[in-house]
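Biologist: I'd love a close look at a single part of this model, with its surroundings and with cut-offs I could reproduce. Could you pick one residue and work outwards from there?

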Amino acid sequence: MSNTDKFLNFILGVQYDDIPEIVRHQGRRCLLDTMGALLAGAATPLAKLSAKVAMDHFQGGGCTLVANKKKVSPAGASLANGFASNALDAEHGYRPAQGRPGAALIPVLLASAEMMSPAPTGKEFLVAAIVGYEVAIRAGMMLNANPASVYTSGAWGAVGATAGAGRLLGLERGVLREALGATDYHGPIGLIAKGVATPCMAKDGIGWGALVSMMSILLARDGFTAPTPEFGAVPELADELGREYRMLGLYFKPFCCCRWAQASITGALNIVREHGVAVDDIARLRIRTFSKAASLSREHPTHTDAAQYNITYPIAVALIDGKISGEQVLPPRLSDERVLRLADMIEVEVAEEFETRFPAKTFSEVIITTKGGREYFSGGLEPLWEHQNPPTDDELNTKFEQLVSPVVGLAKCAALRERLWHIDSVEDMRDVFPSCL
């Protein structure tokens, strides 16, 4: 049996009762986290721009744009909502794949659910999401096996999106094979390093990946043919499907910014909280980290993407605000003089002991010297919420509320949170999306 057939067997064959409850619970956590990122992302310039483009050029259809509640085609909704889901850099990821398996997946699943009549149940949606995560993670591990050339999550996350949406839509095996092949062949192969070097709306290729996924499905349903999807690079990844659920190894992000900066943010916050250091009493702040983190911009950010792909601004705003949610990486916060002065005093250097552990680990150390001459060391540490020390459900709830309540209000935020935690009992996904908007 080919590796492609093993993937197809898993995508089409796994059932709700086959999936361990610990994995189903992780699926609910992922839906909560991604929906939080998507809804909060709707308030960003990127989401508004991409929604306008979708309305102008992807008319006709009943799929909802999170940015303005308008209806467009499945392709338009996948594109625009894909960009929105990644707009705040808030979503979880998988370290061995070096990216985010759910960012393109959930927008495509939401558009697929709105295409269906009757609408899918929450249980069907959850299974499709888990299928998509497992396929996306493995596609990412295969594509990004060489750390010298790391490609955007849109390139491989799109393959997982097609798997999950193909499952949800009930694609016949041959059609699904062509859709996966088309997605694999046409995926947005962009290098992550280029987006980091020039912070911009292109970011992690999520919007394009979601568009490629949906278009591949629509084309395959009408007879489009494509090369065989590339699932043979690491055969053991196909063999373990249904036995090992790699989504249990996801990390989550407490802060809306690049993961590479998050260990430094954690170290700085730990010092001021544990030792009672007042921000205005800091005379010197040094960051020792790995070269990729050190390469992040230190310029004053002029837009939200520059704030997220930055090493000094996130640390400064976190020290002053105690968090980095949507408002911290959007105007008018970006121009706050106190934040910028603190950012300008931060020194960054590459530490060889951390460089050798990257990309498997993303360690940093923070050293703060007070005006009185006291010196505090964070010690080498990883970002919060790595898979070995995941967030609690309560911590994810807090993150969700911080992201979503400013956009939809506390009442809708709480109602959506409860629906997502109990998605298995939802009879109609329209009660979850787009009713939450």
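**Ile282 and its surroundings**

Modeller: Happily! At 4% relative accessibility, Ile282 counts as buried (buried is under 20% relative accessible area and exposed over 50%, with partly exposed in between, using a 1.4 Å probe and protein chains only). A word on the ground rules: this is a predicted model, where local features need pLDDT of at least 70 and side-chain atom pairs count only at pLDDT 80 or more, while totals for chains, interfaces and linings use all residues. Residues are numbered from 1 along each chain as its sequence is written, and side-chain values use heavy atoms, with hydrogens and water left out.

Ile282 has its place in strand 3. Helices here are DSSP runs of H or I with at least four residues, and strands are runs of E with at least two, numbered from the N terminus. Setting aside residues up to four places away in sequence, Ile282 touches Val272, Val277, Leu319, Met345, Ile368, Thr369, Thr370 and Lys371, where contact means heavy atoms within 4.5 Å. These partners lead in several directions. Leu319 is one of the buried residues of helix 15, and Ile368, Thr369 and Thr370 fall inside strand 5, which spans residues 365–370. For a contrast, take Phe231: this residue is 51 residues from Ile282 along the chain, and their C-alpha atoms are separated by 52 Å.

Now for the strand itself. Strand 3 covers 282–289, and six of its eight residues are buried, so it is largely enclosed by the rest of the structure. Strand 3 pairs with strand 5 in the antiparallel sense, over six bridges; pairing requires that DSSP finds at least two bridges between two strands. With strand 4, strand 3 pairs in the parallel sense, over five bridges. Arg286 is a handy residue for following both pairings. Its bridge partner in strand 4 is Glu347, and in strand 5 Arg286 stands opposite Ile367.

If you trace the chain back from strand 5, you come to the loop between helix 17 (352–355) and that strand, which holds Pro359. The peptide bond from Phe358 to Pro359 is cis, with omega near 10°.

Next, let's follow the Leu319 contact into helix 15. This helix runs over residues 312–321 and is mostly covered, with eight of its ten residues buried. They are Thr312, Tyr313, Pro314, Ile315, Ala316, Val317, Ala318 and Leu319. What lies over them? The cover includes strand 3 and strand 4 (346–350), along with helix 12 (262–275), helix 14 (304–308) and helix 16 (337–344). After helix 15 comes Gly322, with a positive phi near 80°.

Helix 16 deserves a closer look. Two packed helices are described by the angle between their axes and the distance between the axes. For helix 15 and helix 16, the axes come within 8 Å and cross at roughly 125°; axes are lines fitted to C-alpha atoms over the stretch in contact, and angles run from 0 to 180 degrees between N-to-C directions. The two helices are therefore oblique to each other (under 35 degrees is roughly parallel, over 145 roughly antiparallel, 65 to 115 roughly perpendicular, and the rest oblique). Helix 15 makes the contact with Thr312, Tyr313, Ala316, Val317, Leu319 and Ile320, and helix 16 with Arg338, Val339, Leu340, Leu342 and Ala343. Leu319 thus appears in the contact with helix 16 and among the residues that Ile282 touches.

Since you may want to check the backbone too, here are some other places to inspect. Most residues other than glycine have a negative phi, and most peptide bonds are trans. Trp385 has a positive phi of about 70° although it is not a glycine. This tryptophan sits in the loop between strand 6 (375–377) and helix 18 (393–408), and at 11% relative accessibility Trp385 counts as buried. Lys203, also not a glycine, has a positive phi near 45°. You will find Lys203 in the loop between helix 9 (192–197) and helix 10 (206–221), and at 5% relative accessibility this lysine counts as buried. A cis peptide bond also joins Ser117 and Pro118, with omega about 0°; Pro118 is in the loop between helix 5 (105–115) and helix 6 (122–143).
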